[in-house]
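Visitor: I would like to learn how to read a chain-to-chain contact. Please show me the model, then take me through it.

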Amino acid sequence: MAQVIVVTSGKGGVGKTTTSAAFATGLAQRGKKTVVIDFDVGLRNLDLIMGVERRVVFDIVNVIQGEARLNQALIRDKRTEGLAILPASQTRDKDALTREGVAGIIEELSADFDYILCDSPAGIEKGALLALYFADQAIVVTNPEVSSVRDSDRILGVLQSKSRRAEEKREKVKEHLLVTRYDPNRVERGEMLKLEDVREILAIPLLGVVPENESVLRASNTGTPVIMDTESVAGQAYKDAVGRFLGEELPHRFLEPDKKPGLFKRLFGGRAA
Amino acid sequence: MSQTLPETFRLRAGNFNLLVLRLLDPRPEAVLPALGDQFRRAPGFLRFAPIVIGLGDLEAAPEEVDFRALIEGLHALEIVPIGTSGGSAAMRKEALAAGLPPLRAVGGKDAEELPAAAPPPAAEPTEPAPAGPDFQGSGRSAMVVTEPVRSGQRIYAQGADLIVTGTVNPGAEVIADGNIHVYGALRGRAVAGAQDDTEARIFALHFDPELIAIAGFYAVREQLGDAPIGRPTQVRLDGEELRFAPLG
């Protein structure tokens with residue numbers, strides 16, 4: 001049986017899709033057969049970030065409505081073996097997704113894959129609820145910022161009450177915290193929440209901290225999951241997080257502000273594109 | 001006949017502070033004058049005050065105590081005996097026959113309730129200790145929450161106290177008809193005494209709430225200027241004012 005992992009956050013723009021792409025690629029790189037599903041019907045970003053947007057023929061809505069078979073809609077990644085993408089539809093709205101339809105897709109994928117990643121849309125509406133409903137594990141993506149932490153807290157409550165595991169009163173969904181866009185220098189200046197503050201509020205195990213890094217935007221724009229940029233700190237942080245997810249004990253890196261601004265600028269690049 | 005009758009009474013548990021008159025001598029003619037002396041020195045001190053007669057310290061056989069004479073004498077001193085506490089079962093039975101029912105102290109079995117050192121041979125089995133937990137002063141049970149209470153979640157302990165072992169996060173709401181205890185940080189809203197119990201209190205080890213209310217009297221964060229924010233704190237209602245005191 002495949003493990004179903006939802007990548008969720010409540011708030012938009014915190015890095016769910018970047019994380020989904022990086023994590024799915026990272027798991028596949030480690031030899032795990034992985035499929036990543038874009039639940040953001042109507043917006044459709046995952047295929048862009050994965051660099052497969054020109055290969056999309058069918059999407060998840062076509063499969064649910066019986067217009068295409070799952071195998072026709074799945075896109076096999078050409079760079080990473082064992083990785084597949086199920087894109088979202090850009091022409092439908094979220095009502096086209098049904099719980100029964102998604103259940104059928106996940107069941108079918110379970111036979112062929114080790115991990116099924118569900119890239120959740122923002123919010124706590126139908127699309128987000130469907131993305132998390134079947135989850136065995138959850139990666140909660142949070143920025144070190146008050147509203148993001150608040151929304152993540154909210155989604156954690158939803159996970160423990162509205163997921164299938166909660167409804168069936170089974171062992172609860174395993175939660176992982178991934179803090180993204182972390183800038184130690186801004187934390188030091190008091191412009192961002194400290195990692196400890198985020199951890200204290202959310203009170204779930206920390207999977208990783210991904211520093212704010214220009215490589216993320218570059219990766220998005222070139223359709224390359226940032227984990228493939230092994231030189232970048234963000235890529236390394238995602239690689240560490242995947243390792244921890246698979247049970248390795250790795251120290252958290254990139255948490256300290258750099259003493260030399262010149263070197264810091266070269267490494268972290270600030271917010272410039 | 002669908003007409004509903006007007007409510008004529010409500011049955012509720014209540015807890016009262018009462019004075020206990022612990023008898024050391026079974027003879028009313030010895031006790032009453034001494035009591036009268038003491039009360040003359042403090043006139044009005046206990047006028048018409050209800051009093052419980054403590055039998056636990058009395059070393060006498062039940063038939064030696066003339067409860068009727070004692071009751072009459074106490075009434076003459078303007079003291080109103082309402083029941084007994086402690087003593088042997090036979091002793092309590094005698095008192096009951098004279099119109100003084102046995103009362104049980106809150107908190108269950110204490111020294112007063114144990115049978116007297118030398119129970120008479122005819123003693124009936126003593127009453128069993130009350131089953132289950134007995135909460136001092138409230139009589140309520142408690143609901144225990146061991147997960148963090150997260151934004152958007154709302155927990156209501158109906159007819160009970162609420163104990164949260166972790167934190168109550170911003171945007172979360174905890175409500176109890178009784179007291180609220182938060183052993184982590186209280187960062188959300190806390191509403192105690194939701195059924196207008198003005199005695200309810202709120203306790204938090206890290207006090208940082210968005211809103212606090214007891215029996216409908218509330219304060220939002222902006223009004224908590226004097227409260228010990230970030231510290232262990234107890235909140236209670238004093239008249240219509242919320243009072244904040246550091247804990248410990």
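Guide: What follows covers the interface first, then an annotated site.

Guide: Keep in mind that this is a predicted model.

Visitor: How many residues does each chain bring to the contact?

Guide: Start by counting residues on both sides. Chain A supplies eleven residues, and chain B supplies eleven residues.

Visitor: What area do chain B and chain A bury between them?

Guide: Read the total, then its atom make-up. The two chains bury about 950 Å² between them. Carbon and sulfur atoms account for 41% of that area. Next, see where the burial sits on one side. In chain B, the residues that lose the most area to chain A are Arg150(B), Ser151(B) and Arg187(B). Together they make up 51% of what the chain B side buries.

Visitor: How many salt bridges cross the interface?

Guide: Look for Lys or Arg nitrogens within 4 Å of Asp or Glu carboxyl oxygens. The rule finds four salt bridges between chain B and chain A. One of the pairs is Arg150(B) with Asp153(A), at 2.9 Å from N to O. Arg150(B) also ranks among the residues of chain B that lose the most area to chain A.

Visitor: How many residue pairs are in polar contact?

Guide: Seven residue pairs between chain B and chain A, both residues at pLDDT 80 or more. By class, the chain B side that touches chain A holds four charged, five polar and two nonpolar residues.

Visitor: Which residues does the UniProt "binding site" annotation cover?

Guide: Take this from the record, an unreviewed entry. The annotation covers Lys11(A), Gly12(A), Gly13(A), Val14(A), Gly15(A), Lys16(A), Thr17(A) and Thr18(A). Of these, Thr18(A) is included in the lining of the second largest cavity.

Visitor: Where does Gly12(A) lie?

Guide: Gly12(A) is in the loop of chain A between strand S1 (3-8) and helix H1 (16-29).

Notes:
Residues are numbered from 1 along each chain as its sequence is written. Chains are lettered from A and ligands numbered from 1 in the order in which they are written. This is a predicted model: local features need pLDDT of at least 70, side-chain atom pairs count only at pLDDT 80 or more; totals for chains, interfaces and linings use all residues. Side-chain values use heavy atoms; hydrogens and water are left out. Contact means heavy atoms within 4.5 Å. Buried area is the accessible area (1.4 Å probe) that two parts lose on being put together, summed over both. A salt bridge is a side-chain nitrogen of Lys or Arg within 4 Å of a carboxyl oxygen of Asp or Glu. A polar contact is a pair of N or O atoms within 3.5 Å; within protein, one must be able to donate a hydrogen and the other to accept it, and residues adjacent in sequence count only if both atoms are side-chain atoms. Ala, Val, Leu, Ile, Met, Phe, Trp, Tyr, Cys and Pro count as nonpolar, Asp, Glu, Lys and Arg as charged, and the others, Gly among them, as polar. UniProt positions are given in the numbering used here, feature names are shortened, and annotations may be inferred rather than shown by experiment. On a 1 Å grid over the protein atoms alone, a cavity is a set of points where a 1.4 Å probe fits but cannot get out, and a pocket is an open set with protein on both sides within 12 Å along at least five of seven lines; lining residues have an atom within 4 Å of a point. Helices (H or I, at least four residues) and strands (E, at least two) are DSSP runs, numbered from the N terminus.
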